[in-house]
Amino acid sequence: GFTSISNSRFNELIKEVAKRAELDEEVLQIRYSGSRRIEEKRKKYECIKSHSARRTFITLSLEKGMRAEVLMQITGIRNFKTLQRYIK
């Protein structure tokens, strides 16, 4: 069976996979602390998290023709409106 891992461990592993895949171009990451805008240049693999992987999986699966109902079963999403938020 599958072994469950924590979200933080999954994020560490997905960053390592992205690094090995040479997703190392620099990207500008913008975040806010209160009203202060903070811009940081980071390697793309440093920015990837479980949410990125989930969004990518959903988008690519739909593009390849997977039915939304099947995708919702796989991902555990119960509401179609929730699924729509992942689609880009």
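A residue counts as buried under 20% relative accessible area, as exposed over 50%, and as partly exposed in between. Keep that scale in mind for the views below, which are all taken from a predicted model.

**Figure 1. The whole chain has five helices and two strands.**
Reading from the N terminus, you meet the elements in the order α-β-β-α-α-α-α. The radius of gyration comes out at 16 Å, well over the 12 Å that the globule rule gives for 88 residues, so the protein is more spread out than a compact globule. Along the principal axes, the C-alpha atoms fill a box of roughly 40 × 35 × 25 Å. Of the 88 residues, 20% are buried. If you look at contacts between residues at least 6 apart in sequence, 36% of them join residues at least 24 apart.

**Figure 2. Strands E1 and E2 pair up in a hairpin.**
Strand E1 covers residues 26-33 and strand E2 covers residues 36-43. The two run antiparallel, and eight bridges join them. To find your way across the pair, start at Tyr 32: its bridge partner in E2 is Arg 37. Two residues sit between the strands of this hairpin, where Gly 34 takes a positive phi near 70°. As a general reminder, side chains in a regular strand alternate between the two faces of the sheet.

**Figure 3. Helix H4 has a buried side and another side with exposed residues.**
Helix H4 spans residues 68-75, and its buried residues are Ala 68, Leu 71, Met 72 and Thr 75. Why do they end up on the same side of H4? They cover an arc of only 100° around the axis, and that puts them together on one side of the helix. Turn to the other side and you find Gln 73 and Ile 74, both exposed. What do the buried residues of H4 pack against? Their neighbours are helix H3 (50-63) and helix H5 (80-86). Just after H4 comes Gly 76, with a positive phi of about 80°.

**Figure 4. Seven residues make up the largest nonpolar core.**
The members are Ile 58, Ala 68, Leu 71, Met 72, Ile 77, Leu 83 and Tyr 86. H4 and H5 each supply at least two residues of this core. Which helix gives the largest share? That would be H4, with three residues. In soluble globular proteins, nonpolar side chains tend to be buried together. Zoom in on Ile 77 for a good look at the packing: leaving out residues up to four places away in sequence, Ile 77 touches Arg 54, Ile 58, Met 72, Thr 82, Leu 83 and Tyr 86.

**Figure 5. Arg 9 and Glu 12 meet in a salt bridge on helix H1.**
The side chains come together with an N to O distance of 2.9 Å. Both residues belong to helix H1 (residues 7-20), and since they are three residues apart, about one helical turn separates them. Glu 12 is partly exposed, because its relative accessibility of 46% falls between the 20% and 50% limits. Arg 9, at 40%, is partly exposed too. In general, side chains of opposite charge can pair when their charged atoms come close. This pair is one of six salt bridges in the structure.

**Figure 6. A salt bridge links Lys 44 to Glu 25.**
Here the closest N and O atoms are 3.2 Å apart. Lys 44 lies in helix H2 (residues 44-47), whereas Glu 25 lies in the loop between H1 and E1, so the pair ties together parts that are 19 residues apart in sequence. With a relative accessibility of 33%, Lys 44 is partly exposed. Glu 25 is partly exposed as well, at 37%.

**Figure 7. Arg 67 and Glu 69 form a salt bridge.**
The closest N and O atoms of this pair are 3.6 Å apart. Are these residues buried, partly exposed or exposed? Arg 67 counts as exposed, at 53% relative accessibility. Glu 69 has a relative accessible area of 49%, so it counts as partly exposed.

**Figure 8. Asn 11 is a buried residue of helix H1.**
Its relative accessible area is 13%, so Asn 11 counts as buried. Residues up to four places away in sequence aside, Asn 11 touches Lys 49 and Ser 50.

Conventions. Residues are numbered from 1 along each chain as its sequence is written. Side-chain values use heavy atoms; hydrogens and water are left out. Buried means under 20% relative accessible area, exposed over 50%, partly exposed in between (1.4 Å probe, protein chains only). Helices (H or I, at least four residues) and strands (E, at least two) are DSSP runs, numbered from the N terminus. The arc is that of the directions from the helix axis to the C-beta atoms. Contact means heavy atoms within 4.5 Å. Two strands pair if DSSP finds at least two bridges between them. A nonpolar core is a set of buried Ala, Val, Leu, Ile, Met, Phe, Trp, Tyr and Cys residues joined through side-chain atoms within 4.5 Å. A salt bridge is a side-chain nitrogen of Lys or Arg within 4 Å of a carboxyl oxygen of Asp or Glu. The radius of gyration is taken over C-alpha atoms; the globule rule is 2.2 Å times the number of residues to the power 0.38.
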